[in-house]
Amino acid sequence: MTEDSDDVREFDGIRLERVREHVWEIPREGEMRVPARVLASEALLEQISDDKTLQQLRNATHLPGIAERAVCMPDGHQGYGFPVGGVGATDVETGCISPGSIGYDINCGVRMMRTNLTYDDLRGHEEELVNALFSNIPSGLGGGGVVESDIETMEQILDRGVDWALEHGYAVEDDLTHCEDEGMRPDADPSAVSQKAKDRGKNQIGSLGSGNHFLEVQRVTDVYRSDVAAEFGLEEDQVVVLIHCGSRGLGHQICSDYLRKIEQEHGDLLAELPDKELAAAPAGSDLAEEYYGAMCAAINFAWVNRQLIMHRTRRVFERIFDRDWEEMEMELLYDVAHNIGKKEVHEVAVDADGHPTNPEDAVDRAERELYVHRKGATRAFPAGRPEIPSAYRDVGQPIIIPGSMGSGSYVLRGGEHSMELSFGSTAHGAGRTMSRTQAKSEFWGETVQEELRDQQKIYVKAQSGATVAEEAPGVYKDVDEVVRVSDELGIGDKVARTFPVCNIKG
């Protein structure tokens with residue numbers, strides 16, 4: 001890195017100019033269609049620049065029809081083609097849709113379930129609870145779920161989402177009304193999902209999988225905005241449950257299938273992009289419509305996956321605490337997606353024909369329907385938006401940002417500046433600073449487990465020590481710093497902080 005001044009940074013030939021506090025811009029040059037921005041403090045920017053994140057962000061500005069700017073959240077790090085923590089919006093008429101800019105684990109996301117239990121209610125039950133959860137919540141690589149389905153059931157899940165779970169007794173009405181999009185994407189097209197993808201998913205419905213996916217019992221340690229926390233049903237010392245997982249093998253297969261199809265059918269567009277991992281289908285093409293329908297089906301699958309895990313968690317708590325889950329008020333606070341593409345209307349810079357363009361060349365600003373690609377980023381809509389569940393519309397959309405299993409997590413609400421700065425988005429977690437391979441060479445899983453238990457009273461259970469090593473607290477950015485930047489920018493406002501008690505992972 002070379003440093004020119006307090007307001008300019010250069011990393012491997014990529015110049016960033018400070019727009020204002022926590023906002024850095026890569027100016028448009030060459031074949032870039034729009035500029036790019038990084039939302040980060042100086043400390044986070046140093047970490048973001050350690051890998052290929054900035055190069056991938058700049059590459060994303062070459063996508064046809066990209067509107068306004070490509071944006072990197074404070075937790076950004078290198079991904080497949082498009083950075084994790086990246087947001088890019090493309091015009092649904094003149095642009096494209098890019099599977100790699102959404103991610104392999106479609107609708108990897110989080111849901112938080114609140115309870116009326118306190119930390120004192122939990123003391124003495126930690127080891128019993130973590131063992132029971134680990135025994136009853138399927139996790140790890142491969143098959144095994146809460147339900148094993150046939151193809152007919154799979155078709156219904158892909159088409160209907162959590163409405164299927166409601167019909168079959170795995171959900172209640174409030175679960176749907178407190179989920180993003182009420183747990184169903186109406187544009188889902190199960191016929192656009194390959195048989196191979198369906199076969200991979202049918203035995204994984206209601207399972208955590210592996211990697212950074214987990215279920216964590218937490219306690220609320222801090223409340224920052226008491227009025228909003230009250231609307232979210234949160235208070236200090238309360239026990240909550242956080243579930244983090246996605247669409248498992250089904251989503252991965254869908255992404256793989258359509259990347260291959262795009263390479264075969266739209267090689268001309270691929271040749272225009274600086275990285276083939278950004279492979280995109282032109283808006284309006286048959287392949288763009290098919291991928292969007294398949295992706296929405298995977299979104300529905302992931303919501304059902306988390307719903308069934310929550311259903312099983314309720315049953316475990318009933319046995320451990322000898323009370324009905326309704327008596328413990330184990331209610332869904334919110335479920336939000338992290339890897340997702342959605343058609344949304346945003347106001348952007350447009351040219352004389354009304355199409356999105358570089359802000360410097362714009363003749364006007366207008367509302368356009370866009371494919372908003374959020375890869376490792378959370379939708380963060382402010383108060384008043386009709387897409388927010390009615391229970392939260394007056395205060396803003398709940399945002400759940402998990403940290404590492406040794407640092408705690410945050411609940412935020414959509415900030416008033418999110419629409420203008422980040423297409424209504426904020427960070428999705430702490431963001432990795434170390435590869436899984438490096439993590440396993442620097443940490444020993446059993447040692448991490450012992451230190452968390454003995455020093456912080458956090459009980460961790462996993463399929464292997466390697467999984468714990470890969471997810472050791474030391475491999476992540478400082479989630480407190482990530483959230484501080486989000487809060488100070490006004491894209492996601494701090495509401496409450498939680499801290500782990502029990503954690504299970506694949």
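How close do the axes of helix α10 and α12 come, and at what angle do they cross? In this predicted model, where local features need pLDDT of at least 70, side-chain atom pairs count only at pLDDT 80 or more, and totals for chains, interfaces and linings use all residues, the axes of α10 (residues 248-265) and α12 come within 9 Å and cross at roughly 170°. Residues are numbered from 1 along each chain as its sequence is written, and side-chain values use heavy atoms, with hydrogens and water left out.

A word on terms helps here. Axes are lines fitted to C-alpha atoms, for helices over the stretch in contact, with angles running from 0 to 180 degrees between N-to-C directions. Helices (H or I, at least four residues) and strands (E, at least two) are DSSP runs, numbered from the N terminus. Angles under 35 degrees count as roughly parallel, over 145 as roughly antiparallel, 65 to 115 as roughly perpendicular and the rest as oblique.

By that yardstick, α10 and α12 are roughly antiparallel to each other. On the α10 side, the contact (heavy atoms within 4.5 Å) is made by Arg248, Leu250, Gly251, Ile254, Tyr258, Lys261, Ile262 and Glu265. Helix α12 brings in Leu287, Glu290, Tyr291, Ala294, Met295, Ala298, Phe301 and Asn305. Sorted by type, these residues come out as 10 nonpolar, two polar and four charged; here Ala, Val, Leu, Ile, Met, Phe, Trp, Tyr, Cys and Pro count as nonpolar, Asp, Glu, Lys and Arg as charged, and the others, Gly among them, as polar.

Helix α12 also meets α5 (residues 151-160), with axes that come within 6 Å and cross at roughly 100°. That makes α5 roughly perpendicular to α12. Met154, Ile157, Leu158, Asp159 and Arg160 of α5 touch Ala297, Asn300, Phe301 and Val304 of α12, a set made up of six nonpolar, one polar and two charged residues. Phe301 of α12 thus turns up in the contact with α10 and again in the contact with α5.

Then there is α4 (residues 126-136), whose axis comes within 10 Å of that of α12 (residues 286-321), with a crossing of roughly 140°. This crossing is right-handed; a crossing is left-handed if the near helix is turned anticlockwise from the far one by less than a right angle, and right-handed if clockwise. Here Glu128, Leu129, Ala132, Leu133 and Asn136 of α4 pack against Arg312, Thr313, Val316, Phe317, Arg319 and Ile320 of α12. The tally for this contact is six nonpolar, two polar and three charged.

The buried residues of α4 (buried means under 20% relative accessible area, exposed over 50%, partly exposed in between, with a 1.4 Å probe and protein chains only) are Glu126, Leu129, Val130, Ala132, Leu133, Phe134 and Asn136. Their cover includes α3 (119-122), β10 (214-223), α12, β20 (459-462) and β21.

Strand β21 (residues 492-505) holds Thr498, which counts as buried at 1% relative accessibility. Its side chain makes a polar contact of 2.8 Å with the side chain of Gln218; such a contact is a pair of N or O atoms within 3.5 Å, and within protein one must be able to donate a hydrogen and the other to accept it, while residues adjacent in sequence count only if both atoms are side-chain atoms. Beyond its neighbours within four places in sequence, Thr498 touches Met112, Gln218, Arg219, Val220, Thr221, Val240, Gly408 and Ser409.

Two further buried residues sit in other strands. Thr90, in β7 (residues 84-91), is buried at 1% relative accessibility, and a polar atom of the Thr90 side chain lies 2.5 Å from the backbone oxygen of Cys96. Ser425, in β19 (residues 425-427), is buried at 0%, and its side chain is joined to that of Arg374 by a polar contact of 2.7 Å. Leaving out neighbours within four places in sequence, the contacts of Ser425 include Met73, Val87, Arg374 and Ile491.

Finally, some backbone oddities. Most residues other than glycine have a negative phi. Asp12, however, has a positive phi, near 50°; Asp12 lies in the loop between β2 (8-11) and β3 (14-20) and is exposed, at 72% relative accessible area. Asp237 has a positive phi as well, near 75°, and sits in the loop between α9 (226-232) and β11 (238-245), where Asp237 is partly exposed at 30%.
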